Amino acid sequence: MDRIARQLSAYLDGELTPDETRTVREHLDACASCRTELEALRDTKRLLGRLRDVEAPPDLEAAILQRLEQPRPRWFTWPRPVWPRPALVGATSVLVAILVAVPVVNGYRDRLRAAEVSPDVFIRSAVQSAADDPFMDRAYISLVSSDANLRLIGEEPRGPVR
């Protein structure tokens with residue numbers, strides 16, 4: 001039905017093949033809503049046929065061509081450089097790179113130093129903290145102690161729990 005409804009305008013204008021025309025005609029015999037739609041299309045075509053033709057002004061083509069030949073206004077102009085000296089730009093870039101690189105390198109070195117500390121230090125601190133704070137998370141102690149036990153027997157710990 002949707003295919004037929006899309007073909008009604010072409011059917012009205014006689015643009016369908018003979019097989020398509022026959023299929024649409026057979027469908028129209030059985031479908032009242034498509035017949036109503038076809039009548040609405042016929043009424044629209046009649047109304048449009050009654051409209052009078054509007055003549056374009058004789059100088060329209062010349063006016064359009066003249067307007068096309070006029071130079072267009074520039075909508076965008078490139079801004080002048082903020083720093084006219086390339087050395088200043090280079091020095092600023094190096095300074096920004098140093099300010100970013102130093103904390104990154106220091107953090108990496110701190111993590112390496114922390115990895116060198118034995119797990120026994122963490123276990124001792126956790127046990128002391130547990131003695132001071134009875135509400136401390138016991139899962140933390142078991143995680144640290146199990147990683148320490150794995151290192152003692154020569155296996156790698158499983159990494160952080162996520």
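Me: Axes are lines fitted to C-alpha atoms, for helices over the stretch in contact, and angles run from 0 to 180 degrees between N-to-C directions. So, with what angle do the axes of H1 and H3 cross?
Reply: Keep in mind that this is a predicted model. The axes of these two helices come within 10 Å, and their crossing is right-handed. As for the angle between H1 and H3, it's roughly 50 degrees.

Me: Is H1 roughly perpendicular or oblique to H3?
Reply: The axes of H1 and H3 cross at roughly 50 degrees. Angles from 65 to 115 degrees would count as roughly perpendicular, and those under 35 as roughly parallel. The crossing angle therefore makes H1, relative to H3, oblique.

Me: Let me step back a bit. How many helices does the chain have?
Reply: Reading along the sequence, you meet the pattern α-α-α-α-α-α-α. There are zero strands in the chain. The helix count is seven.

Me: And what share of the 162 residues is buried?
Reply: To count as buried, a residue needs a relative accessible area under 20%. Tyr 11, for one, makes the cut at 17%. Across the chain's 162 residues, the buried share is 13%.

Me: Back to the helices. How does H1 lie to H2: roughly parallel or roughly perpendicular?
Reply: H1 covers residues 2-13 and H2 covers residues 18-30, and their axes come within 10 Å and cross at roughly 115 degrees. Angles of 65 to 115 degrees fall in one class. That is why H1 is, to H2, roughly perpendicular.

Me: How many charged residues does the contact of H1 with H2 have?
Reply: H1 passes H2 in a left-handed crossing. On the H1 side the contact uses Arg 3, Ile 4, Gln 7, Leu 8 and Tyr 11, and on the H2 side Glu 20, Thr 21, Thr 23, Val 24, Arg 25, His 27 and Leu 28. By class, five are nonpolar and four polar, and the number of charged ones is three.

Me: What angle do H2 and H3 pack at, and which class of residue has five members in their contact?
Reply: H2 and H3 pack with axes 6 Å apart at about 110 degrees, which makes H2 roughly perpendicular to H3. The contact is made by His 27, Leu 28, Asp 29 and Ala 30 of H2 with Ala 32, Cys 34, Arg 35 and Leu 38 of H3. One of these residues is polar and two are charged, while five are nonpolar. In short, the angle is about 110 degrees, and the class with five is nonpolar.

Me: Which helix gives the most to the largest nonpolar core?
Reply: That core has 10 residues, including Leu 16, Val 24, Leu 28, Cys 31, Cys 34 and Leu 38. The elements that give two or more residues to the core are H1, H2 and H3. With four residues, the top contributor is H1.

Me: Which helices do the buried residues of H1 pack against?
Reply: The buried residues of H1 are Ile 4, Gln 7, Leu 8, Ala 10 and Tyr 11. Setting aside neighbours within four places in sequence, Leu 8 is in contact with Val 24, Leu 28, Cys 34, Glu 37, Leu 38 and Leu 41, and Tyr 11 touches residues including Thr 21, Arg 25 and Leu 38. The helices that the buried residues of H1 pack against are H2 and H3.

Me: Is Gln 7 buried or exposed?
Reply: Gln 7 sits in helix H1. Apart from neighbours within four places in sequence, it's in contact with Leu 16, Glu 20 and Val 24. Its relative accessibility is 12%, and because that is under the 20% limit, Gln 7 is buried.

Me: What about Thr 21: which residues is it in contact with, leaving aside its neighbours within four places in sequence?
Reply: Thr 21 belongs to helix H2. Thr 21 is buried, at a relative accessible area of 15%. Its contacts beyond those neighbours are Tyr 11 and Leu 16.

Methods
Residues are numbered from 1 along each chain as its sequence is written. This is a predicted model: local features need pLDDT of at least 70, side-chain atom pairs count only at pLDDT 80 or more; totals for chains, interfaces and linings use all residues. Side-chain values use heavy atoms; hydrogens and water are left out. Angles under 35 degrees count as roughly parallel, over 145 as roughly antiparallel, 65 to 115 as roughly perpendicular and the rest as oblique. A crossing is left-handed if the near helix is turned anticlockwise from the far one by less than a right angle, and right-handed if clockwise. Contact means heavy atoms within 4.5 Å. Ala, Val, Leu, Ile, Met, Phe, Trp, Tyr, Cys and Pro count as nonpolar, Asp, Glu, Lys and Arg as charged, and the others, Gly among them, as polar. Buried means under 20% relative accessible area, exposed over 50%, partly exposed in between (1.4 Å probe, protein chains only). A nonpolar core is a set of buried Ala, Val, Leu, Ile, Met, Phe, Trp, Tyr and Cys residues joined through side-chain atoms within 4.5 Å.
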